[in-house]
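Visitor: Could you take me through the charged side chains and one strand pairing of this protein, with the cut-offs behind each term?

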Amino acid sequence: MFDAVPPAETQPEEPVDPIGLFVTRPQDGEVTAGGNITFTAKVAGESLLKKPSMKWFKGKWMDLASKVGKHLQLHDSYDRNNKVYTFEMEIIEANMTFAGGYRCEVSSKDKFDSSNFNLIVNGKMNSCHLLSYSYFFSFLCSSTIPSGTQQLLDKHLKNRSEEGDGKSDSQPDVDVWEILRKAPPSEYEKIAFQYGITDLRGMLKRLKRIKKEEKKSTAFLKKLDPAYQVDKGQKIKLMVEVANPDADVKWLKNGQEIQVSGRYIFEAIGNKRILTINHCSLADDAAYECVVAEEKSFTELFVKEPPILITHPLEDQMVMVGERVEFECEVSEEGATVKWEKDGVELTREETFKYRFKKDGKKQYLIINESTKEDSGHYTVKTNGGVSVAELIVQEKKLEVYQSIADLTVKARDQAVFKCEVSDENVKGIWLKNGKEVVPDERIKISHIGRIHKLTIEDVTPGDEADYSFIPQGFAYNLSAKLQFLEVKIDFVPREEPPKIHLDCLGQSPDTIVVVAENKLRLDVPISGDPTPTLLFESEGRVRVEKHEDHCVFIIEGAEKEDEGVYRVTVKNPVGEDKADITVKVIDVPDPPEAPKISNIGEDYCTVQWQPPTYDGGQPVLGYILERKKKKSYRWMRLNFDLLKELTYEAKRMIEGVVYEMRIYAVNSIGMSRPSPASQPFMPIAPPSEPTHFTVEDVSDTTVALKWRPPERIGAGGLDGYIVEYCKDGSSEWTPALPGLTERTTALIKDLVTGDKLYFRVKAINLAGESGAAIIKEPITVQEIMQRPKIWLPRHLRQTLVKKVGETINIMIPFQGKPRPKISWMKDGQTLDSKDVGIRNSNTDTILFIRKAELHHSGAYEVTLQIENMTDTVAITIQIIDKPGPPQNIKLADVWGFNVALEWTPPQDDGNAQILGYTVQKADKKTMEWYTVYDHYRRTNCVVSDLIMGNEYFFRVFSENLCGLSETAATTKNPAYIQKTGMDLQPVQGFLKVRLIYGTELRVLHPKIFWYKNKVDLSGDAKYRMFSKQGVLTLEIRKPTPFDGGFYTCKAVNERGEAEIECRLDVRGNQINIMDNINFAGKNQQ
């Protein structure tokens, strides 16, 4: 692949355009097939209110925006320092069909500019091609070509592509000889460079000898258009008209013949041959040919893709280092091409295959197998019809322990359960007993459900007493607890021992049992006494008591907050009684906080505030976890991994213009609460920047006119309007100049005090608040400044303005002058009648309006501006024209043979415009069907020839000017009769009477004609041209001058004799009186 770089000597400095919008226009380029080339256009942005619109075209009308893809990319950027917009069109892997003319158009509000440039795509040629071309084109330098070389040259140039690098099957045949013959002179240098012609001067000498005009097509009445465009999935018809209705045609696509199928339909209707393509796809974007015999008609079909829309946008994601990331979006069309970017940089398949792109129907995926901290950022998917942005946050792995394992004291044959809870439900771990890994069996069970890990030991034995630990994999944590085996010893006591309760609350405060909500509470209370005491239990809760001979068991299934309280246990026997109070405390995760409140919203940040939960779960709140999501999304993203200790947090890295929601979790030593209700939806927006180019446009005694341009940055909050204020010089109090906001970028401040010195400022306002102020640094004095009147006459009014009768006339003439000048209109020195003509005046222009122009509106108009004793005047000439009247005094001057001589005079009414010519028509008296004999005929006499013997003819003449032909024509009163049996000519002014008898033989002796001026023969003078047609002799004098005046003689000579006639020519100024048509029959001497 090659990048096209023009030769060093053809790389001039980029020109700066001082007139149009372009700073730099695209230059002509040249590239080798398969290479890349970029065309660049730069537009001055300093005078533009917003970003201009740029369109790229191929040919005259083919919009390239729909062709963006594998081979074409469009880019744009903005240089804020120099205020220059840069637009680029990049052509990738160019092929031969890309060559041709291109155009770019830039527009911004009322401004427009365009630029044309050309692209040449060269085929890949080896050195043999260049040497052979140099050899053959050397013959072009000589005046003659050796025998046989012409045929060899034609054959070589026509079959050049067959001698290439073996790729002739895919490259079209190029007949360079035909290219040279048909090319305009401006293309010679490009062709010479493209095909290796080294002697351009010699080529031009040879080409001048052999160049011929292109033959008109004999096979086609109408060929294919140069190009067609159709939307994808639609139908298109390609049609030609052939000269022979029975001719067979062939249709080719990229050089291959098209066969009839369901998508391709051939039709033949009379002379028309139609190819219909149904359900056009991108595969139909190709070059097509219609072949009739040896002739071809070419065209290109461009298939335009509809814009690809994003139907399901990307969603924000937050992952840990090393985890897999998968961005998913859904587009409107299966298999569509999309572009992925990270922080504005396009993503590609790198050698390490870090990014993987996947398509599944309408779904598009971006996959990062192992994420790193550097992968954090904003990811964008783009189509030609939409954009979607999502944020990826990659955090380092950090594990939090929500609930650690606790020491247990268990009796024989009871169940022991160690339980812990960690923050990551995907983390696995191992259990250790005295440093050795615990192997599960029928009695020992290990479970992992979500974030909770459990070790369960059934039928505890003394051998189970040990230190147990849980170690999460991949983290430096060790959660330890001790299992104590409770051995019940029964000592022999004498009879009648009073009852005794042996209560041990597992190291807690005296007689207090702490249990985690939803856990099972089982408390063994040993008792002693002889005889066996009776157990009494006082409780209103859900406590279940199991009584045994030497102990009792208190059980609460799934402890709840309502189970908290003091439980009294009483044992009695005949000897006495014993009592104990057991306090049960249930601890839980906190209640969810209330919905957070959002404040201090900025461009990409906001402040989140919340209150502590009403119930902390019986344990102090350790901190808070904050989450956010987009309004239309279902995925919440965590914003912090370390617990937030404060009740406020500044959330950052949000996308301006996107609606978000926030929620909060409270965390204590037991775990994390349920989420709070979502906050009110909010949108990160920022105030716009200050307005630009704030200036004073005009000042009068009581008013000041201001103007400015919109801010450079408006943001997603839009622009609600502007507030204009003023402040007196020496004061610090700003006063609103306008009531409320104004949406315009101009303001007229009225009712000011003459002579005050005022400062002015303007601010832009949107939902986020006010922008900074644009201030005029120097105070403005409120006082009228006199300005001399000046009329700026438009260029097209400096010449005569020509309009047709009935058309509308609307003339606007701008001017300047202060105070407002007095304006007066005059026509031909008289004041204009306001009933007939409309006039509207403003502070900057005056308008003359005529709804329907009439002939009397023609004349010289004057506009005068007056300010006190100063004036300015301009003149405008308006010419109203109409169709002329018919010619006058038409008559038959003479009839002889098959000819009729007509004469007429110009029309009386020329329609206020010069008569451009006449149209002469004839009609047979039998049919009265009129046929045109002459059109645009300038003289007032003519000879109508080739009439039919024995018929009678009427003649009519129309006059013509800029408006067209006259409504009516001048018609001869009497018909001209063409004699059938003979011809009788009377000798009048050089005419000879000849009588031909029907059936006799007449030998015609054509005479030789000679013209003389003042007895000098004019035969060899190039200034004169002589014609002879059917007895009418004409002498034409080119560009006559006064020196061409004199006596002219026409002389005819044949074997039978001679005849001559003389006329006089006077050349007076711009008028010429000449009789240069002489009808001559000659003298017949027997």
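Guide: The questions below deal with salt bridges, a surface patch and a hairpin.

This is a predicted model, in which local features need pLDDT of at least 70 and side-chain atom pairs count only at pLDDT 80 or more, while totals for chains, interfaces and linings use all residues. Residues are numbered from 1 along each chain as its sequence is written, and side-chain values use heavy atoms, with hydrogens and water left out.

Visitor: How many salt bridges does the count come to?

Guide: Side chains of opposite charge can pair when their charged atoms come close. The rule used here asks for a side-chain nitrogen of Lys or Arg within 4 Å of a carboxyl oxygen of Asp or Glu. By this rule the count of salt bridges is 37.

Visitor: How many residues apart in sequence are the parts that arginine 761 and glutamate 725 tie together?

Guide: The closest N and O atoms of arginine 761 and glutamate 725 are 2.6 Å apart, in a salt bridge. Arginine 761 belongs to strand E56 (residues 757-766) and glutamate 725 to strand E53 (residues 721-728), strands being DSSP runs of E with at least two residues, numbered from the N terminus. The pair therefore ties together parts whose separation in sequence, in residues, is 36.

Visitor: Is lysine 342 buried or exposed?

Guide: Lysine 342 meets aspartate 343 in a salt bridge (3.4 Å, N to O). Burial is judged by relative accessible area, with buried meaning under 20%, exposed over 50% and partly exposed in between (1.4 Å probe, protein chains only). Aspartate 343, at 46%, counts as partly exposed. Because its relative accessible area is 16%, lysine 342 is buried.

Visitor: Which strands hold lysine 891 and glutamate 903?

Guide: Lysine 891 and glutamate 903 form a salt bridge, with their closest N and O atoms 3.9 Å apart. Both count as partly exposed, lysine 891 at 46% relative accessibility and glutamate 903 at 34%. The pair ties together parts 12 residues apart in sequence, since lysine 891 and glutamate 903 lie respectively in strands E69 (residues 888-896) and E70 (residues 899-905).

Visitor: Where does glutamate 854 lie?

Guide: Glutamate 854 helps to form a negative surface patch, whose members include Asp833 and Asp882; patch residues have over 30% relative accessible area and no salt bridge, like charges being joined within 9 Å. Glutamate 854 is partly exposed at 35%. Its place is the loop between strands E66 (845-850) and E67 (859-867).

Visitor: Which residue is the bridge partner of alanine 923 in E72?

Guide: Strands E71 (residues 917-924) and E72 (residues 930-937) run antiparallel and are joined by 5 bridges, where pairing needs at least two DSSP bridges. They form a hairpin with 5 residues between them, and methionine 928 in the turn has a positive phi of about 55 degrees. In E72, the partner of alanine 923 is tryptophan 930.

Terms used: Patches are made of residues with over 30% relative accessible area and no salt bridge: like charges are joined within 9 Å, nonpolar side chains (Val, Leu, Ile, Met, Phe, Trp, Tyr) within 5 Å. Accessible areas come from the Shrake-Rupley method with a 1.4 Å probe; for residues, only the protein chains shown count as cover. Lys and Arg count as positive and Asp and Glu as negative; His and the chain ends are not counted. The place of a charge is taken as NZ of Lys, CZ of Arg, CG of Asp or CD of Glu. Helices (H or I, at least four residues) and strands (E, at least two) are DSSP runs, numbered from the N terminus.
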